[in-house]
Structure formats: structure tokens, C-alpha cells
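Reader: I'm new to looking at protein models and could use some help. Could you pick one part of this one, take a close look at it with me, and then show me how it sits in the rest?

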Amino acid sequence: MAKNESALQPSQRMRVAYILTLVGGFLDAYTYFERGGVFANAQTGNIVQFGIALANGTPDRCLFYLWPICSFVAGTMTALCMEDALERRNSRLVRRSVLLGEMFGLAIVSFIPAQQEWDMLANGIVSFVAAMQYQAFSTFRGTSIATTMSTGNLQKFVSALYDGTMHLNQKSLRMAAVYFSIIATFTFGAFLSAHACELMGPAALWPAIIALGIAVATITYLRRKNQADGRDASV
């Protein structure tokens with residue numbers, strides 16, 4: 001990895017990456033199982049479904065899949081605006097503010113009935129906050145890692161594995177292990193979500209909300225620890 005763990009900004013620690021990746025897998029499975037087969041994070045699936053609905057001439061389904069795509073765009077723009085506004089004030093709450101906003105949005109969704117006429121609103125909110133997380137948290141331990149989808153991580157895992165095995169590169173093998181663990185964590189999040197949806201219905205989002213709260217607490221604890229040790233505690 002590019003940096004020693006203790007020298008990193010708190011929001012770039014790997015323990016934060018694993019928590020957020022777990023949430024990413026959880027949210028995708030939640031909207032798929034509970035909200036009409038939409039992928040909140042992986043917009044590729046929604047774009048494909050939109051194209052199919054367009055070909056079938058079903059405008060209601062077109063809008064159903066187009067809405068989370070637009071919400072994802074809006075969430076990305078919002079995260080960028082938040083970063084600009086808070087960084088101009090030299091605030092060290094940029095990424096924690098994103099997570100708190102995500103918790104608030106998911107809490108709202110947990111109370112929205114699981115009915116077709118309400119699912120589009122729920123999917124839009126989840127896609128919006130997932131985009132904020134994707135934008136704000138993209139680098140961990142000096143390495144690009146996606147916490148809300150797995151396609152890029154899978155490609156990087158294979159690339160690192162190839163370099164590690166074919167060129168006997170130990171650093172690449174370690175990177176491959178990291179990406180494999182991230183993919184496994186995302187999968188486990190989806191596994192947990194499937195069971196939570198069966199037990200809790202729309203309220204199944206609360207385990208993800210709690211996990212995000214743990215991420216906020218972890219970043220805050222690491223920031224204070226850095227301050228106590230005399231290191232930069234920016235997030």
C-alpha cells in the first residue's frame with residue numbers, strides 16, 4: 001500500500017472501507033429485494049433495464065429505472081457541493097457530514113411502505129445517498145477502492161493477482177488479497193440484507209444505518225487519537 005495505516009486520514013483507514021463496503025452491498029440487495037428489482041448503487045443494471053423498458057415501449061417502467069439514475073447523478077453533485085462548501089470553511093467534517101446525511105436519508109426510507117407507488121421515491125433516496133458515499137469515499141490507504149459497487153474492484157483484483165502470480169510481485173499479491181476481501185465484504189452485506197428483508201421488510205435498513213453510525217464513530221475516534229498523538233487529523 002502507498003501509506004502506513006497510522007499516517008492516513010481517519011476516513012481513509014481500511015476499517016472504514018470495510019464498514020462502508022458492507023453497507024454498499026446491503027443497500028443494493030435491499031432495493032433489489034424490497035423495492036422492485038432496482039440496484040441502488042450499480043447504475044449499470046438500471047441503465048440496461050431502462051433500455052429494455054424503452055425497447056418494450058413501457059414508459060412507466062422506463063421512468064421507474066430512470067429515476068434512480070437521475071438520483072445518483074444528483075447525489076454525486078450534492079456531495080461535490082458539500083465538499084466545496086465545507087472545505088472553503090476549513091471544516092474537518094466533510095466525509096462525516098456525508099455519512100450523517102446518508103443515515104438520515106435511509107432512516108426516511110425505512111418508514112416508506114413497500115408498495116409500488118412508493119418504491120420509486122424510496123429507490124431515488126437510496127440511490128442519492130449511495131452516490132454521496134461513492135463520491136466522498138473513493139481512496140483508502142492510498143488505493144482506489146469502490147465501496148458501493150464491485151465491478152472495478154473485481155477488475156483490480158484480477159489485475160493484481162495476475163501481476164502477483166505471473167511476475168512474482170509480492171506487493172501485487174497483497175493488493176489482490178485486499179480487493180478480494182473487499183469483494184467478499186460486499187457480498188456478505190448483500191447476504192445480510194437478504195435475510196434482514198425477510199425479517200424486517202422496509203425497516204431492514206436499520207442495520208445499515210447502525211453500521212454507518214459505527215463508521216462515523218470510528219472516524220471521530222481516529223481523528224481524536226491522531227490529535228492526541230500530534231498528527232494531522234483531517235478527514
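Author: Let's start with one helix and then work outward to the core, a salt bridge and a few single residues.

Keep in mind that this is a predicted model. To get your bearings, there are 8 helices and 2 strands, and along the sequence they come in the order α-α-α-α-α-β-β-α-α-α.

Our close-up is helix 3, which runs over residues 59–88. It has 30 residues and reaches 43 Å from its first C-alpha to its last, close to the 44 Å expected at 1.5 Å a residue. Now, which residues of helix 3 are buried? Among them are C62, F64, Y65, P68, I69, F72, G75, T76, A79, E83 and L86. Look at how the numbers step along: an α-helix has 3.6 residues a turn, so residues three or four places apart point the same way. You can try that spacing on I69, F72, T76, A79 and E83, which are among the buried ones. And what do the buried residues of helix 3 pack against? Their partners are helix 2, helix 4 (94–110) and helix 5.

Helix 5 is a handy next stop, as it covers residues 116–136. L121 is found in helix 5, and with 40% relative accessibility it counts as partly exposed, because that value falls between the 20% and 50% cut-offs. Setting aside neighbours within four places in sequence, L121 is in contact with W67 and I112. For a sense of scale, L121 and L173 are 52 residues apart in sequence, and their C-alphas are 43 Å apart in space.

Helix 5 also holds one end of a salt bridge. The side chains of D119 and R35 meet there, at 3.1 Å from N to O. D119 lies in helix 5, while R35 sits in the loop between helix 1 (14–34) and helix 2 (43–56), so the pair ties together parts that are 84 residues apart in sequence. Both D119 and R35 are buried. The count of salt bridges comes to 1, so this pair is what you're looking at when you search for one.

Next comes the largest nonpolar core, which has 45 residues. Within it, L20, L99, L106, F137 and F140 touch the most other members. Helices 1, 4, 5, 6, 7 and 8 (206–228) each give two or more residues to this core, and helix 1 gives the most, with 9. Zoom in on F137: not counting residues up to four places away in sequence, F137 touches S11, V16, L20, R95, V98, L99, I145, T147 and I219.

Two loop residues are worth a glance as well. Most residues other than glycine have a negative phi. R141, though, has a positive phi near 55°, and it sits in the loop between strand 1 (139–140) and strand 2 (143–144). L168 also has a positive phi near 55°, in the loop between helix 6 (151–166) and helix 7 (170–200). Are they buried or exposed? R141 is partly exposed, at 24% relative accessible area, whereas L168 is exposed, at 68%.

Finally, step back. A compact globule of 235 residues would have a radius of gyration near 18 Å, and this protein has 18 Å, which agrees. Buried residues make up 46% of the 235. Among contacts between residues at least 6 apart in sequence, 73% join residues at least 24 apart.

Notes:
Residues are numbered from 1 along each chain as its sequence is written. This is a predicted model: local features need pLDDT of at least 70, side-chain atom pairs count only at pLDDT 80 or more; totals for chains, interfaces and linings use all residues. Side-chain values use heavy atoms; hydrogens and water are left out. Helices (H or I, at least four residues) and strands (E, at least two) are DSSP runs, numbered from the N terminus. Buried means under 20% relative accessible area, exposed over 50%, partly exposed in between (1.4 Å probe, protein chains only). A salt bridge is a side-chain nitrogen of Lys or Arg within 4 Å of a carboxyl oxygen of Asp or Glu. The expected span of a helix is 1.5 Å times one less than its number of residues. Contact means heavy atoms within 4.5 Å. A nonpolar core is a set of buried Ala, Val, Leu, Ile, Met, Phe, Trp, Tyr and Cys residues joined through side-chain atoms within 4.5 Å. The radius of gyration is taken over C-alpha atoms; the globule rule is 2.2 Å times the number of residues to the power 0.38.
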